[in-house]
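The following exchange examines a structure through a series of questions and reasoned answers. Please consult the sequence and the coordinates alongside the text.

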Amino acid sequence: MATESNINILLVDDEPLVLQSLSATFRRQYNIFTATNGKDAIEIVRQNHIHVVLSDQRMPGMLGHEVLRVIKTISPSTIRILLTGYSDLDAIMNSVNSGEVFRFLTKPWKIDQLRDTVGAAVDIAQKVGQLYPSKADIMRTSGAEPAEIVEQEEEVAPPVAGNQKEGLLIVEFNKEQLNTMMQVFGKKYQTYPASSITEAFDQLSKHEVYVMLTDLNLNSEDGIDFLHAVKQEYPNIVIILLTQVRDALLAIKSINEFQVYRYHVKPCAVEDLDKTIQSAMNRARTYRTQPLKNVAYVAKEVAPQLVEKEVSEKTNWWRDKLRSAKKLFGG
Amino acid sequence: MAENKTKEQQAGFRFVELIVFGTIFLALVASVFVLNIIISRDSQRDSEQVFCATKQSEYWQRAYRNLIRTQERLAELSIIDSIQVEQIAEKSAQLDTAFFNYKKAISIFDSTIAALNKGGVIMLEGSEFEIAPVTNPRARATIEKEIQKWTESRGVLIDLAEKTQNPRQIDPTQLEKAIDFAIQNDELILASNRDFIVRLGELSTEKIKNLQFAQVAALVVSILVFIGMAVRLTISLRKQAKIIQESQGQLIQNEKMASLGQMVAGLAHEMNTPLGFVRNNIEIIRENDREFQDAVVASATVLKSLVAGNYSEVERQIPQTLEKLKSIEKIGLVDENAMMITNSLEGLDRIQELIVNLRNFSRLDQTATQLANLNQCLDSTLVIANHILKRHMTVVKDYGKIPDIVCAPAQLNQVFLNIITNAAHACEEKGEGTLRLKTFVEKNEAVVQISDNGKGIPQEVINKIFDPFFTTKPVGKGTGLGLSISKKIIEEGHNGRITVKSKVGHGTDFFIYLPMQGKQEKADKVFSESAPALN
C-alpha cells in the first residue's frame with residue numbers, strides 16, 4: 001500500500017471494517033496510519049508527523065474527543081476531524097468548548113464530503129505546519145510535556161498594547177440583559193452594544209472588533225448566516241456564543257460554519273464568561289500577529305472551495321453588505 | 001397547563017363543597033341541641049309555675065278555712081259569758097291562731113297571683129322560688145279571670161289582714177265582705193288553678209311532641225346530608241382516583257417510550273457503523289469499477305484489432321492497455337474490490353442480524369407468552385445495550401444450561417435492558433466496569449443474575465429502589481419507574497421474584513427468579529363462539 005505521498009493521515013476507529021473502508025478511500029493520495037484505540041493513536045502521533053487525524057467518537061476506553069484533545073497538545077498543527085454517530089450528542093457539546101475539533105462529520109457519511117473535508121484539512125495542515133517546529137525538533141527536546149506546549153501557545157499572545165482597549169461586541173436581543181452585560185464588561189473592555197443583527201452590522205463596520213459575544217437566535221437561519229458571513233469577512237474575530245439551550249446540532253453547526261470559540265449556556269457565572277472573554281482576546285491578538293494560527297483564516301486561504309460550499313444565499317447577501325460597508329469606512 | 005388548572009379548580013370546588021356539607025351537618029346537630037336546651041328550660045319554668053299554682057290553691061284553701069274559723073270564733077266569743085274566763089281564753093287563742101294563719105296564707109296567695117301574673121319571687125317555708133310570668137296565651141286564659149277578680153277585690157282581704165291588730169276588734173263589715181268574696185270566688189279560684197295546671201300539662205305534652213318531631217326531622221335531614229356528603233365524596237374520590245390512574249398510565253407510557261427510545265438509540269448507533277462503511281465501500285467499488293471498465297474496453301479494442309489483423313493498431317494500443325492493467329495490478333484493485341465486497345456483505349449481514357435481533361428483542365410479531373430461552377433473551381438485550389456498554393464495560397457471560405421457559409420474552413428483555421443500563425450507569429464514574437450475566441437453575445426456578453462492580457446502592461435507599469418514582473438520576477433523565485415496572489413484570493406477569501444485593505463501592509447484584517413450570521394457557525375450545533353449523 002506504499003504511496004509516494006508525504007502527507008500522513010491517521011484514522012482511528014475501533015471497528016476494523018471501518019478502518020479498511022476509510023483506508024481504501026484515501027490510500028491513493030495519502031500515507032495512511034490506522035489505530036483501533038486512543039492509546040495507539042496517540043502513540044502514532046508521537047512517533048510520526050501526522051497532518052490530519054480522523055477519529056470516531058465512540059470507542060472503548062478513550063472517547064474520540066478525548067483522543068483529539070491529547071493529540072492537540074502533542075501536535076498542534078495536526079488538523080482534527082471527529083466522526084460522530086447517533087447518541088454522541090452530549091460528548092460533542094464538551095468537545096466544542098475544548099476547541100479540539102476542526103470539523104464534525106456525522107455517520108453515515110458521503111464519500112465526496114469526506115474527501116473534500118479531509119482534503120481541505122490536509123491543505124490547512126500543510127500551511128499551518130510552517131508555523132510549528134517540525135516533529136524532529138519536538139522529539140529532540142524530548143520530555144517536553146504536551147501541556148507545556150499549550151501553555152506556550154497561549155503565552156505567544158502579546159500583552160495588552162498600552163491603554164488601548166480591545167473591542168468587544170456584545171449582541172443581545174434582550175435589552176435588559178444587554179445593559180447588564182454592558183455594565184459588567186464595560187469597564188474592562190471597549191464594549192460595543194448591539195440589540196439586533198443590523199446594529200451588530202453597523203458596529204462591525206465602524207469599529208475594530210476583537211471578540212464577539214453573541215446571543216443570536218441561532219435557530220433562525222438569519223443568525224447562523226450572519227455569523228458565517230462575519231467569520232468570512234473578519235476571520236480574526238473570535239466568536240463566543242451564549243445560548244439558552246444545550247443543542248448539539250447547533251454546536252456542530254457553529255463549529256463547522258463559523259468555528260465558534262466557546263459555547264456558553266445561559267445563565268452562566270460572570271467569572272467564567274470573563275475568563276472566556278479574556279482567553280478569546282488573547283486568541284484574537286494571536287490571530288492578528290500570527291494569522292496562520294487561525295484555522296478559519298487558513299481555511300479561507302487554502303481551501304476556499306470547502307468554505308464556499310457551505311455558504312447560502314443569505315450569507316452571500318450579508319457578505320456583500322459587510323464588504324461594501326468595509327470599503328465605505330475604510331475598515 | 002390549562003388542564004392542570006381546571007383540575008385544580010375542580011379540586012378546590014370539591015373542597016368548598018365538602019366544607020358546605022360539613023357545616024350543614026354540624027348546624028343541624030347543633031340546632032337539635034339548642035332546641036333541646038330551650039325546651040328543657042321551658043319545661044322547667046312550666047313545672048315551677050305548676051308548683052306555684054298548686055301552692056296557690058293550697059294557700060287559698062288555708063286562707064279560706066282560717067277566715068271562716070275567725071268568724072266562727074268571733075261569734076262564739078260574743079255569746080260566751082264573761083264569767084267563763086277559761087273558755088274565753090281558749091277561744092281567744094283559737095281566734096288568734098286562725099287569724100294569724102289567715103294572714104299568712106292570704107299574703108302568700110297574693111304573692112303567687114302576682115308571680116303568675118307578672119313574674120317574681122315567692123317565699124315558701126323559708127325558701128325562695130323564682131317564678132316566670134305566664135306568657136302562653138292559652139295557659140294565661142285559664143287564670144286571667146281569677147287574676148282579674150283578685151286584683152279587683154284583693155284590697156278587702158289584704159286590708160283585713162294587714163290593718164287588723166287585734167282579731168277581737170276586727171271590723172265586722174269588712175270581715176263580712178271578705179267572707180262574701182271568699183265564698184263567691186272559692187269555686188272559681190280552685191277551678192282556675194286546676195284548669196291552669198291541666199292546661200300546662202297539655203302544653204308540655206304538645207311541646208314534647210313537637211320536640212320529638214323536630215328531633216326526628218333533624219335526624220332525618222342530617223342523615224340525608226350525611227348520605228349526600230358520602231355520595232359526593234365517593235364520586236370525587238373516584239374521580240381523583242381516575243385522575244391519578246390516568247397520570248400513572250401516562251407515566252408508564254412515558255417509561256415505555258423511554259425504553260423504546262433507548263432501544264432505537266442503540267439500534268441506530270449499531271446500524272450507523274455498518275451502514276457507513278458499506279456505503280463507503282460501494283462507492284469505492286464503483287470508482288474501481290470505472291478503472292476495470294477502462295481496462296476491459298482497452299483490452300477488447302486490442303483483441304478486436306488483433307482479430308481484424310490491424311497489427312499497427314495493436315502495436316500502438318498494447319502499451320496503453322498494459323499500462324492500465326499494470327496499474328490495476330499495482331494498486332491491487334482486484335484484491336481491494338474483493339475485500340470491499342466481502343466487507344460490505346459482512347456489514348449487510350450485521351444489519352440483518354440487528355433487524356433479526358430487534359425482532360427477538362421486541363417480539364412484536366409473536367405472541368406475548370411463549371417458550372423462550374433466557375440466555376438468548378440476554379444476548380439480544382446485550383446487542384441493544386451495546387452502545388451503552390461498549391465504551392467502558394466488559395461483559396462476562398456465565399450462562400448455565402437452562403431449559404426454555406414459558407414467559408413473555410419482550411417484557412423480560414425490557415427488564416434485562418433496564419437492569420443492564422443501570423449497571424452501565426453505576427460504572428460510569430469509575431470509567432470501567434464488568435457486567436456479569438449468570439444463569440442457572442435452582443430448585444424449580446431459573447435464575448438470572450446480573451452483576452456489576454460499580455458504585456453500588458447505599459443501604460438507606462436499597463429498600464426504595466423498586467418503589468415507583470424513586471430515582472437517583474437527575475430530573476428528566478429517568479422516570480423512576482424502570483425498576484418498579486420490572487418488579488411488576490417479574491412478580492405479577494411471571495409469578496417470579498426479583499431481589500437485589502449491593503455493597504457501596506463494590507457493586508450490585510440483581511437476581512431474577514422465574515418459575516420453570518410456567519402455565520401455558522391452552523384454549524379448551526375450538527371455536528370462539530358456540531359452533532354454528534356451516535351449510
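Q: How many helices and strands does chain B have?
A: Helices (H or I, at least four residues) and strands (E, at least two) are DSSP runs, numbered from the N terminus. By this assignment, chain B has nine helices and nine strands.

Q: On what basis should the values be read, and which pLDDT do local features need?
A: Residues are numbered from 1 along each chain as its sequence is written, chains are lettered from A and ligands numbered from 1 in the order in which they are written, and side-chain values use heavy atoms, with hydrogens and water left out. This is a predicted model in which totals for chains, interfaces and linings use all residues, side-chain atom pairs count only at pLDDT 80 or more, and local features need a pLDDT of at least 70.

Q: Over which residues of chain B is the pLDDT below 50?
A: pLDDT is the predictor's confidence in each residue, from 0 to 100. Chain B averages 83, and 91% of the residues score at least 70. A stretch with two contacts (heavy atoms within 4.5 Å) beyond near neighbours in sequence has a pLDDT below 50, namely residues 519-523. Where pLDDT is low, the predicted coordinates should not be read in detail.

Q: What share of the residues of chain A is buried?
A: A residue is buried under 20% relative accessible area, exposed over 50% and partly exposed in between (1.4 Å probe, protein chains only). In chain B, 37% of the 535 residues count as buried. Chain A has 331 residues, and the buried share is 54%.

Q: Where does the largest nonpolar core lie with respect to domain 1 and domain 2 of chain A?
A: A nonpolar core is a set of buried Ala, Val, Leu, Ile, Met, Phe, Trp, Tyr and Cys residues joined through side-chain atoms within 4.5 Å. The largest has 50 residues, of which A:Leu10, A:Leu169, A:Leu204, A:Met212 and A:Phe226 touch the most other members. Its largest share, six residues, comes from helix 11 (residues 248-258) of chain A. Domain 1 (8-151) and domain 2 (161-329), with bounds from an automatic or database domain assignment, both give residues to this core, so it lies between them.

Q: Which residue forms a salt bridge with B:Glu445?
A: A salt bridge is a side-chain nitrogen of Lys or Arg within 4 Å of a carboxyl oxygen of Asp or Glu. B:Glu445, in strand 7 (residues 445-452), pairs with a residue in strand 8 (residues 497-503), so the pair ties together parts that are 52 residues apart in sequence. B:Glu445 is buried at 18% relative accessible area, whereas its partner is partly exposed at 38%. With the closest N and O atoms 2.8 Å apart, that partner is B:Arg497.

Q: In which helix do B:Glu202 and B:Arg199 both lie?
A: The side chains of B:Glu202 and B:Arg199 meet in a salt bridge (3.3 Å, N to O). B:Glu202 is partly exposed at 38% relative accessible area, and B:Arg199 is partly exposed at 26%. The two are three residues apart, about one turn of the helix, in helix 4 (residues 172-308) of chain B.

Q: Which residues are linked with B:Arg45 in a network of salt bridges?
A: B:Arg45 and B:Asp46 form a salt bridge with their closest N and O atoms 3.7 Å apart. B:Arg45 is partly exposed at 24% relative accessibility, while B:Asp46 is buried at 6%. The residues linked with B:Arg45 in the network are B:Asp42, B:Asp46 and B:Lys207.
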